Amino acid sequence: MSARIVIKADREKPIINQHPWVFSGAIDELKGRPAPGDIVDVVSSKGKFLARGYWNPKSQIQVRLLTWHDEVIDGEWWAKMIARSVASRRPLAVSGGAQRLINAENDYLPGLIVDRYGDWLVLQALTLGIDQRKQEIATILADLLQPKGIFERSDVDVRFKEGLQEVTGVLWGEEPPELISVAVEKRIEFIDVRKGHKTGTYLDQRDNQLMLSDFLSTDPKWESLRLLNLFSYTGGFGLSHVGTVTNVDASFEVLELAEKIYALNGFPEPNVEFIQADVFEYLRDTVDRKIQYDVVVLDPPKFAHNAQQVDKAARGYKDINLNAFKVIAPGGYLLTFSCSGAITRDLFQKIVFGALADSGRQGQVVRYLSQAEDHPVALTFPEGEYLKGLLVRVF
Ligand code: SAH
């Protein structure tokens, strides 16, 4: 019989409501001797079955719940859930071959991320429970999707909280090429699954990147719009634009890759520049020099990693949004994001409003944005929503 975790009477509600995390503070008693990573039953103070999940005593989140039914968690269960997640995504022809197939807790598979890049899969194991089962999961994925190879990118610091080290390498099949190319709508993306950010690229911004070029393409002056792409990474927000693009990022390495991607897409060289700079400084300088852009994209890294960092992060967001408003030509646009889970959508909008007010400009929200649709948010797991964005028309 599985070990049993008895939950404190006043902490049952979220579990019954299918929130996937059981924190150590909610646990009254452990009955039995599970090994770390084992499947355990979660029961009420009266001994009633509530849920079942995998256990890790090293983590603050001691159990990640997999099911709320009294069903066996075996290879068949994993295969069924993985197939459900994959089947829920748009067909390859529509997605262009690069998409998130499994979005961890949000696909009811806590700790597991799987992305597809053409014939290759990239797997990220965020927890001990997944780390222990990753070979089995790789085999299931291989049977289901017949990829050429499955590469592991478990080099994320949340693993330390689980008592794990960072790991990368081939999990199954062949070594991926240096760059994997995938065609997405009219453009070709080149992804470095070994060194690229996240599992290779920011798939969560894909829908917003394509939205921006569609949106701008209806502007009669599309071909002459000057786009300033700040925190550009490999330039995804500018790649489908037909006017001029200035990509700014602090990392030389990512800009090198960006340059290669633009060249391979046949983007006219005189129309694009790649600038290695700190965005905070670059924007101040642009304000001083009175240079203007028609569209500014602001997609910074996570400024707030927890609730304690919210105030400082808010000042950072305010600073860059304020200076961005100052450099936008009348009638232009700001596309601004925050990927900090600790900053709510409401707070983010307030910060952007404060920046607008200080800039003396007028602005209106024309789109409310979030992460791409292949990064769904489970309604039972509000933590799954982290990316929020606003497309603002600026007068
Ligand atoms: N917009 C990108 C993703 C941006 S991720 C896309 O759609 O693909 C954030 C990027 O900001 C990273 O590439 C990182 O190198 C860069 N970065 C982090 N801090 C920075 C800073 N202070 N100035 C400039 N770039 C920075």
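**Salt bridges, sheets and ligand shell**

The structure holds 24 salt bridges. The model analysed here is predicted. One of the salt bridges links Asp131 with Lys134. The closest N and O atoms of Asp131 and Lys134 are 3.0 Å apart. Both residues belong to helix H4, which spans residues 128–145. Asp131 and Lys134 are separated by about one helical turn, because they lie 3 residues apart in H4.

Two open sheets are described next. Strands of a sheet pair through backbone hydrogen bonds, in either a parallel or an antiparallel sense. One open sheet has 6 strands. The strand order is E2-E6-E5-E4-E1-E3, and the pairing is mixed. Strands E2 (21–23) and E3 (27–31) form the edges, each pairing on one side only. From one strand to the next, the twist in this sheet averages 35°. Within the sheet, strand E1 covers residues 3–7 and strand E4 covers residues 39–43. E1 and E4 pair in the parallel sense. The pairing of E1 and E4 extends over 4 bridges. Val6 has Val43 of E4 as its bridge partner.

Another open sheet is built from 7 strands. Here the order reads E16-E15-E14-E17-E18-E20-E19, again with mixed pairing. Its edge strands are E16 (272–276) and E19 (363–370). Each of these edge strands pairs on one side only. The twist averages 15° from one strand to the next. Edge strand E19 is joined to strand E20, residues 388–394, by 7 bridges. E19 and E20 run antiparallel. Among the paired residues, Gly363 has Val394 of E20 as its bridge partner.

The ligand site was examined through its surrounding residues and polar contacts. There are 16 residues around the ligand. Gln209, Asp249, Asp278, Val279 and Asp299 come nearest. By class, the shell comprises 8 nonpolar, 5 polar and 3 charged residues. Gln209 approaches an oxygen atom of the ligand through its side chain, where an N or O atom lies 2.8 Å from that oxygen. Asp278 also uses its side chain: a polar atom there lies 2.8 Å from a nitrogen atom of the ligand. For Val279, the contact comes from the backbone. A backbone N or O atom of Val279 is 2.9 Å from a nitrogen atom of the ligand. Taken alone, the ligand exposes 580 Å². The protein buries 88% of that area.

Note on methods. Residues numbered from 1 in each chain as written. Predicted model: local features only at pLDDT ≥ 70, side-chain atom pairs only at ≥ 80, totals over all residues. Heavy atoms only, no water. Near = heavy atom within 4 Å. Polar contact = N/O pair within 3.5 Å; in protein donor to acceptor, adjacent residues only side chain to side chain. Areas by Shrake-Rupley, 256 points an atom, 1.4 Å probe, with all protein chains shown as cover. Nonpolar A, V, L, I, M, F, W, Y, C, P; charged D, E, K, R; others polar. Pairing = 2+ DSSP bridges. Helix = DSSP H or I, 4+ residues; strand = E, 2+ residues; numbered from the N terminus. Axes fitted to C-alpha atoms, helices over the stretch in contact; angles between N-to-C directions. Salt bridge = Lys/Arg side-chain N within 4 Å of Asp/Glu carboxyl O.
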